[in-house]
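The following exercises concern helix geometry, burial and charge pairing. Work through each task before reading its solution.

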Amino acid sequence: MSKHGALSDQLELWEAVYRQSPLRDDTIFRSISGREIKPLYTPLDVLDGGGGADGADGARGYLERLGAPGEFPFTRGPYHSMYRTKLWTMRLFSGFATAHETNERYKYLLERGQTGLSVAFDFPTLMGYDSDDRRSEGEVGKCGVAISSLADMETLFDGIPLDKVSVSMTINGPALMLYAFLLVTAEKQGVPLDRVRGTIQNDILKEYQAQHAWIFPPEPALKIIADIFEWSADEAPRFNTISISGYHIREAGATASQELAYTLKNGFTYVERGIERGLDVDSFAPRLSFFWDVHNDFFEEIAKFRAGRRIWARHMRDVYGARNPRSLRLRTHAQTAGVSLTAQQPQNNIVRVAYQAMAAVLGGTQSLHTNAMDETLALPTEEAAKIALRTQQILAYETGVPHTIDPLAGSYYLESLTDELEAEAEEIFREIDDIGGVVYGIESGYFQAQIAASARRFQDEVEQGTQTIVGVNRFQDAEEPPLEILRIGEEAAAIQEARLAELRGRRDSEDVHRRLEALGMAARADDNLLPPLLDAVRAYATLGEIRIVLEKVYGRFKEPVAF
């Protein structure tokens with residue numbers, strides 16, 4: 001009899017009884033991504049059968065697919081001791097109105113135990129416009145903090161030492177400019193640039209695919225990212241110069257496997273551009289980081305983290321020739337799923353966020369942002385932000401979840417999901433290669449169409465009632481008391497306009513003009529943009545002024561029609 005013969009016989013007997021059992025008629029047994037979920041998982045569901053194997057074969061299968069934490073292929077975690085040495089960084093995505101008001105919120109959160117800052121910018125800033133630009137009207141400070149110059153960045157971090165507090169900035173199209181604002185702010189604090197810690201998202205490929213906050217076309221945008229890699233390798237070695245983001249891809253409607261595959265393929269594209277620049281892969285790859293969405297399907301999300309680490313490590317070693325273990329180690333920030341929050345019964349969002357946060361920690365994240373319960377209605381109030389932070393602290397200090405590393409490893413269901421997601425991602429890689437790569441996929445509308453189709457499937461299931469959303473299409477309340485929300489008026493716009501007018505009046509305009517001219521010349525000569533950009537920022541050139549100079553050289557991206 002084979003080693004699995006007895007198990008197969010037992011499963012046949014079980015299945016005969018199972019098929020006679022009346023199943024719940026209000027549930028489709030699929031993951032939120034549409035994956036069919038079997039009623040039972042066993043060693044037979046692990047790809048090589050190693051889950052139940054004895055002796056050398058079982059050990060070999062374990063080492064190839066799981067290994068030890070901190071060791072190739074990093075399935076069980078990027079670090080050897082994980083949370084037994086250091087808990088994940090606790091962040092909240094914070095920013096509203098003016099730099100002064102957001103600075104006060106940051107100090108409020110830091111005083112209550114938050115360990116890192118994650119900056120949310122308003123839409124004009126995300127698009128590279130100054131607050132007093134006519135295209136910014138009605139949007140200044142509404143969905144994040146307005147940052148138009150070095151002066152604003154100095155105010156934002158007044159009293160917050162940039163060598164002690166890690167700062168993550170969710171900025172993409174104008175990431176180069178905001179990075180320069182932060183670096184010069186650190187200089188003015190007396191912090192050496194090689195001691196500044198933090199992350200810029202700087203992931204322009206997913207902007208074209210999902211979020212749409214771009215400025216330049218793909219090729220010059222990728223050139224700018226390579227500039228940042230090259231300059232930072234020597235000048236700001238502790239700073240993570242890109243956070244390759246699946247979050248916005250998932251929020252736009254992608255499935256878990258699409259989020260995994262598109263994000264990693266974007267990451268490999270950035271690696272290729274760095275290598276094409278002539279950089280040694282191990283000179284910049286250790287500072288690449290990732291950013292995952294954490295949706296409602298608990299086990300699928302945990303498996304996604306584990307599969308992502310395994311895929312990244314294998315490709316970086318076998319395809320791109322990385323040898324430094326830090327280049328193979330996929331480190332990640334995670335954020336609970338904003339798209340899963342509901343305006344109906346918003347207190348339910350506290351529960352959703354708690355389970356999503358637990359999935360992120362069981363998946364091995366290095367940094368975590370928990371959404372506030374009211375974020376589907378407005379920017380969070382202080383009380384809602386505090387509850388979101390307390391959610392992480394309860395998870396860290398009361399549940400025991402961080403006490404052991406990768407505690408769900410060996411679960412037949414989880415290991416099967418990890419293998420499935422890995423295989424699906426590899427198949428999507430082949431599909432992207434077949435159409436000509438990531439940039440061509442963006443220019444042809446491939447990614448946009450794929451994500452839209454997945455979003456439509458999920459929305460159809462919600463509207464048909466086959467996908468339950470508590471409080472939305474089941475278990476509704478006839479009447480709900482109104483929730484107090486944070487309201488941002490037009491005062492921020494008036495304050496910003498006055499600040500910019502005062503800034504332009506006191507700076508040396510001729511010096512600003514000279515430095516902007518030097519930046520434009522560097523762009524036309526295909527030189528690295530960081531040195532002339534930092535000079536322009538030190539002279540208090542504004543975000544919009546810098547964007548205009550570069551836009552004249554690089555042009556502006558126009559999205560293809562894909563539907």
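**Exercise 1.** Determine which residues of α19 are exposed and which are buried, and how the buried ones are arranged about the axis.

*Solution.* Step 1: E491, A501 and G505 are exposed (over 50% relative accessible area, 1.4 Å probe, protein chains only). Step 2: on the other side, A492, A493, Q496, L500 and L503 are buried (under 20%). Step 3: viewed down the axis, these buried residues fall within an arc of 95° (taken from the directions from the helix axis to the C-beta atoms), so they line one face of α19. Step 4: the buried residues pack against α5 (150–156), a contact being heavy atoms within 4.5 Å.

The model is predicted: local features need pLDDT of at least 70, side-chain atom pairs count only at pLDDT 80 or more, and totals for chains, interfaces and linings use all residues. Residues are numbered from 1 along each chain as its sequence is written, and side-chain values use heavy atoms, leaving out hydrogens and water.

**Exercise 2.** Which residue forms a salt bridge with E461, and where does each partner lie?

*Solution.* Step 1: a salt bridge requires a side-chain nitrogen of Lys or Arg within 4 Å of a carboxyl oxygen of Asp or Glu. Step 2: E461 pairs with R30, their closest N and O atoms being 2.8 Å apart. Step 3: E461 belongs to helix α18 (residues 446–464), whereas R30 is in the loop between α1 (5–18) and α2 (55–65), 431 residues apart. Step 4: E461 is buried at 7% relative accessible area, while R30 is partly exposed at 28% (the class from 20% to 50%).

Terms used
Helices (H or I, at least four residues) and strands (E, at least two) are DSSP runs, numbered from the N terminus.
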